[in-house]
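Colleague: Could you walk me through this one slowly? I'd like to understand the terms as we go along.

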Amino acid sequence: MDAHGYDRELREVAKRDRAREAAFLQKHAGSGGPPQLANRIAGRRLPPLEGTYVDKHDPARGKVLCQVPRSGRPDVEAAVAAAKLAQPAWAATPLAKRCAVLRRTAELIERDMDRLVRMESEDTGKPVKLAGSLDIPRAARNFRFFADFLESRKEAVHLTEGFRNETHRVPVGVVGLITPWNLPLYLLTWKVAPALGLGNAVVAKPSELTPRTADALADLLAEAGLPDGVYNVVHGLGPEAGEPLVAHPDVRAVSFTGGTATGAKVAAAAGPKKLSLELGGKNASLVFSDCDLDETVKGVARAAFTNQGQICLCGSRILVERSLFPEFTRRLAEHAKGLRIGDPLDPATDLGSLVSQSHRAKVETYLEVAQDEDATVHCGGGRPDLPGVLADGAFLQPTVLTGLDQDSPLVQEEIFGPVVTVQPFASEDEAIALANGVRYGLAATVWTKDANKAQRVAERLDTGMVWVNCWLVRDLAVPFGGVKDSGFGREGGEWSVDFYSEARNICTKVTP
Ligand code: TXE
């Protein structure tokens, strides 16, 4: 469709939805209750067609922050139709102009840093210290990085005798992005930036637990100059809104980050389309006796407890060379006890609340298993005593456990909370066997001053990523993703280009 046809169709869609949007805005302005979020479809704020909502709570304080549309298949269909309509004109927009929109979005995220940090902290329970140093700055960086990366790419030319092959990238079309609650804007923008930069239109389904920054992003993208319909958001529950998006025949690629069990459902629903699955992790931190102990305790604790242990990359299984085991465990527990747990909105807080009461209840079932299995609790093991409005928040103490076998559910399963196990090993071979002895394979860390050993060990680890003497250092050009039950596909730099576009080769006969 040419640009005029696109404009005409978009105008018709806009006219049809204008009344619904106006009614929504009027109702919203008049009500004294918690604000209702709307879906974002073709640039409009639209209520879910069924008109139902779910409450979204602040997990630290318990109060209702907003109501989230409980969208269904018809909402998804409207969003995909809007994206399909808007995509060709966006794809035809010169790369430099698309990248300018990405760069402007980065600036707007930085301009609105405080607002977004607070929003993310309230939605997730994470400390503002973390949202302000990791989540929101990284969201801006995602846009800036992909703008620079895409503009600096060179397309391949192969000269075959008498012929010229030019390979260039074309967008996939409409992409569906399903994101989790642990790093809401960070992970959403990690997908949105390359998808838009490469000329796709997006339908995003953020986690129903953390919907507000995906909504805020719609305003920032529009302000940055993104045409209506290129970024759409459908809120709702996974099976009701996520699954129809994944299965929609006009959605040509789906990037999903979430739990392994949900990832399997997504894979089953997707059918023959491009799929990237970034799933759970049960990452090992391998600590050798020749490590820099001070740095290692700090680094391993950071890997264990950042975001209350709710990052797929968190190192929740700590393997320590036997000679260092008692001292390391004692020092790790000391460090954990020193972490300040409390109000996520207090800039001094290190650990906030878990994402929800039900998630904390899930994590606590593992503490019960630990008790049944006679684990030794070196610190934590329960809920902290917090005053006032925080008393009923979903907080949990950072917990260090020993005495659990390799086949314990605490060692094998993704707990996704501030609970770590420490196990001793006697040799490199044993360390590697323990590290690889789980069904996940996302990341690992190795802590030693011996560079040869680090390399040797890293090469034998069954994971997509290994960090040596560091953790969560993210060069956005490098591949991100895991093996085994941690999913498949890679994103980042050229891998994102591969996922969000197709290579098209044009072979031309060269006439002398
Ligand atoms: O995530 P889900 P949940 C792990 C972690 C956690 C567990 C479950 O161990 O305890 O997963 O968390 C959408 N079709 N991780 O249940 O279900 C859902 O609405 C399509 C690891 O909260 O994976 C949300 O937008 N979509 C992880 C997204 O999927 C569906 C981060 C993720 O939710 C769907 C989060 C369906 N059938 C949890 N069902 C990581 N890898 O970082 C749900 N969704």
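Modeller: Let me start with a term: a polar contact is a pair of N or O atoms within 3.5 Å; within protein, one must be able to donate a hydrogen and the other to accept it, and residues adjacent in sequence count only if both atoms are side-chain atoms. Please also keep in mind that this is a predicted model, where local features need pLDDT of at least 70 and side-chain atom pairs count only at pLDDT 80 or more, while totals for chains, interfaces and linings use all residues. Residues are numbered from 1 along each chain as its sequence is written, and side-chain values use heavy atoms, with hydrogens and water left out.

Colleague: OK, so what lies 2.5 Å from a polar side-chain atom of Lys-362?

Modeller: That is an oxygen atom of the ligand. An N or O atom in the side chain of Trp-181 is also 2.5 Å from an oxygen atom of the ligand, while a polar backbone atom of Gly-258 is 3.2 Å from a ligand nitrogen.

Colleague: And how much of the ligand's accessible area does the protein cover?

Modeller: The protein covers 87% of the 820 Å² that the ligand has on its own, with areas from the Shrake-Rupley method and a 1.4 Å probe, and for residues only the protein chains shown count as cover.

Colleague: Which helix gives the most to the shell around the ligand?

Modeller: Helix 8 does, with three residues, where helices (H or I, at least four residues) and strands (E, at least two) are DSSP runs numbered from the N terminus. Helix 8 (238-247), strand 10 (251-257), helix 9 (260-270) and helix 12 (357-372) each supply at least two residues of that shell.

Colleague: Switching topic, what takes up the space of the largest pocket?

Modeller: The ligand does, and a molecule sits in a pocket if more than half of its atoms lie within 2 Å of the grid points. A pocket, on a 1 Å grid over the protein atoms alone, is an open set of points where a 1.4 Å probe fits, with protein on both sides within 12 Å along at least five of seven lines, and lining residues have an atom within 4 Å of a point. Here the lining has 34 residues, and among those nearest the centre are Trp-181 and Phe-256.

Colleague: How many residues line the second largest pocket?

Modeller: There are 20, with Leu-130 and Arg-302 among those nearest its centre, and helix 10 gives the most to this lining, with five residues. Helix 5 (128-152) and helix 10 (293-305) each supply at least two residues there.
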